[in-house]
Amino acid sequence: MKLLIQNACYIASNGEQKQADILIENGIITNIDKKIDADADRKIDASGLLVSPGFIDLHVHLREPGGEKKETISTGTLAAARGGFTTVAAMPNTRPVPDTKEQMENLQNRIKETANVRVLPYASITTRQLGQELTDFGKLKEAGAFAFTDDGVGVQSASMMLQAMKKAKEVNMAIVAHCEDNTLINKGCVHEGIFSQKHGLNGIPSICESVQIARDVLLAEAAGCHYHVCHISTKESVRAVRDAKKAGIHVTAEVTPHHLLLTEEDIPGLDPNYKMNPPLRSVSDRSALIEGLLDGTIDFIATDHAPHTAEEKSEGMELAPFGIVGLETAFPLLYTHLVLKNIINLEQLIAFLTKKPAEAFELPYGKLEVGAVADLVLLNLDEEHTIHPTEFLSKGKNTPFGGWTCKGWPEITIANGQIVWEKGCVTA
């Protein structure tokens, strides 16, 4: 398969926008030049479009196996392709949990058969994510595990976490953590703050997250392992990660688009589409997240794409499950509300979605250069479109951003040299 992208605008390594043709052969970028004369199976005129490396999302929920009513590997990765993502890492809160070599191999087979973009599967830290018995890290690595996490369940025992980090160090893999001290949750469904007080709801305090990060960075220092913080959401958590990095501890962190764009003050009422964990925090927390992203404390952006059925989300703020979808709207939302408002620039945004996650986990993706894997997304930065959840390719329609009008929509997504999504038609 040979693709020739003509008249493409791209951001060069010095930050300048340049125009060039890009030749792709057998899944690899083989030439980037001002003018390329070559035969190709397909030529794409990219005039007016920006070409970026395919986006990388290291925190998604594909739900399969066990949660196919919410999402499947096929629908989730098609949603990823529509959003410009060519690599996603799938969380292990499935049933069964990928906690043995056999379960991981079964999951890999499903991915091979049905995924539309690259999927890196996480294995759980503990058996069935129960926090009682460590999984066999060595065998899970052999079976293709990307890293280890108990996902939505913070490892409560410091002793268990330390053991996990030591074993992760032995196999040179990362521990990825949803940080939440269960003794401080208070059965909360939203942030403990203005909104919870107004509506008489139990709140999730900020310290619930930050206290476990503070514990874990010290454990990571003792174990010498790579420790990664999922969806960081509070100013205290940012401070803990910043201090840990200054101390030379190998810690990385991610932040979601919704925590960068929304606060508890944006929740219009008892709408479960605003219910996620960690919850939308205060205005000062949001400011700290943006500051942390810009100063390098927070390494990259991940969506925490978490589809649920409409029936589940209709159960009200207190009973509905946590989580929103994010793969299909991440770039337009961030481009419109951070780049066009001069909070970050376009080069930074693309880096937070491509080379930054790749660097944090030493992945060979997120590059636009000769010899790189041909994972690309062609973006129309001028196109304006209103978000309609019914148009999502994901099974999940649960988003607080329905009705928002954004610019910067993907036109074509290419993964491994193959067109996996094209505006107006499903190609994968």
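1. Contacts of E209. In this predicted model, E209 is in contact with C179, H231, I232, S233, T234, S237, P278 and R281, leaving aside its neighbours within four places in sequence. One of these residues, S233, also makes a polar contact with E209, side chain to side chain, at 2.8 Å. E209 itself belongs to helix α6, which covers residues 207-223.

2. Charge of E209. Which side chain of opposite charge is nearest to E209? That side chain is R281, 4.1 Å away. A salt bridge requires a side-chain nitrogen of Lys or Arg within 4 Å of a carboxyl oxygen of Asp or Glu. E209 is buried and yet has no salt bridge.

3. Surroundings of helix α6. Helix α6 lies across three strands, β9, β12 (227-229) and β13, and runs at about 165 degrees to β12. These strands belong to an open sheet of four strands, in the order β9-β12-β13-β14, with parallel pairing. Its edge strands are β9 (175-177) and β14 (300-301), each of which pairs on one side only. Strand β13, residues 251-255, runs parallel to β14 and is joined to it by two bridges. Within these strands, V255 stands opposite I301 of β14.

4. The three-stranded sheet. A further open sheet has three strands in the order β6-β7-β8, again with parallel pairing. Strands β6 and β8 stand at the edges with a single partner strand each, so one side of each is left without a neighbour in the sheet. On average, and with direction ignored, neighbouring strands of this sheet are turned by 20 degrees against each other. Strand β7 (residues 85-90) runs parallel to β8, and four bridges join the two. A90 is placed opposite P121 in β8.

5. Salt bridge K70-E312. The structure holds 14 salt bridges. In one of them, the side chains of K70 and E312 meet at 2.8 Å, N to O. This pair links distant parts of the chain, 242 residues apart: K70 is in the loop between β6 (55-60) and α1 (73-82), whereas E312 is in helix α10, residues 310-313. Are the two partners buried or partly exposed? K70 is buried, with a relative accessible area of 16%, while E312 counts as partly exposed at 22% relative accessibility.

6. Salt bridge K101-E105. E105 forms a salt bridge with K101, and the closest N and O atoms are 2.8 Å apart. Here both residues lie in helix α2 (residues 101-114), four residues apart, which is about one turn of the helix. Both ends are partly exposed: E105 has a relative accessibility of 33%, and K101 has a relative accessible area of 29%.

7. Salt bridge R118-D375. R118 forms a salt bridge with D375, with 2.8 Å between the closest N and O atoms. R118 lies in strand β8 (residues 118-121) and D375 in the loop between α13 (355-360) and β15 (376-386), so the pair ties together parts that are 257 residues apart in sequence. R118 is buried, with a relative accessible area of 15%. D375 is buried as well, with a relative accessible area of 3%.

8. The network at E64. Salt bridges that share partners join E64, E68 and R110 into one network. Where does E64 lie? E64 is placed in the loop between β6 and α1, and is buried, with a relative accessible area of 13%. Its side chain reaches the backbone nitrogen of I73 at 2.8 Å. Not counting residues up to four places away in sequence, E64 touches E71, T72, I73, S74, T94, L107 and R110.

9. Points to retain when viewing the model. E209 is a buried acidic residue without a salt bridge, and its side chain has a polar contact with that of S233. E64, also buried, takes part in a salt-bridge network with E68 and R110. Among the salt bridges described, the R118-D375 pair ties together parts 257 residues apart, whereas K101 and E105 are four residues apart within helix α2.

Definitions and conventions. Residues numbered from 1 in each chain as written. Predicted model: local features only at pLDDT ≥ 70, side-chain atom pairs only at ≥ 80, totals over all residues. Heavy atoms only, no water. Buried < 20%, exposed > 50% of the residue type's maximum accessible area, 1.4 Å probe, protein only. Lys, Arg positive; Asp, Glu negative; His and termini not counted. Polar contact = N/O pair within 3.5 Å; in protein donor to acceptor, adjacent residues only side chain to side chain. Contact = heavy atoms within 4.5 Å. Pairing = 2+ DSSP bridges. Axes fitted to C-alpha atoms, helices over the stretch in contact; angles between N-to-C directions.
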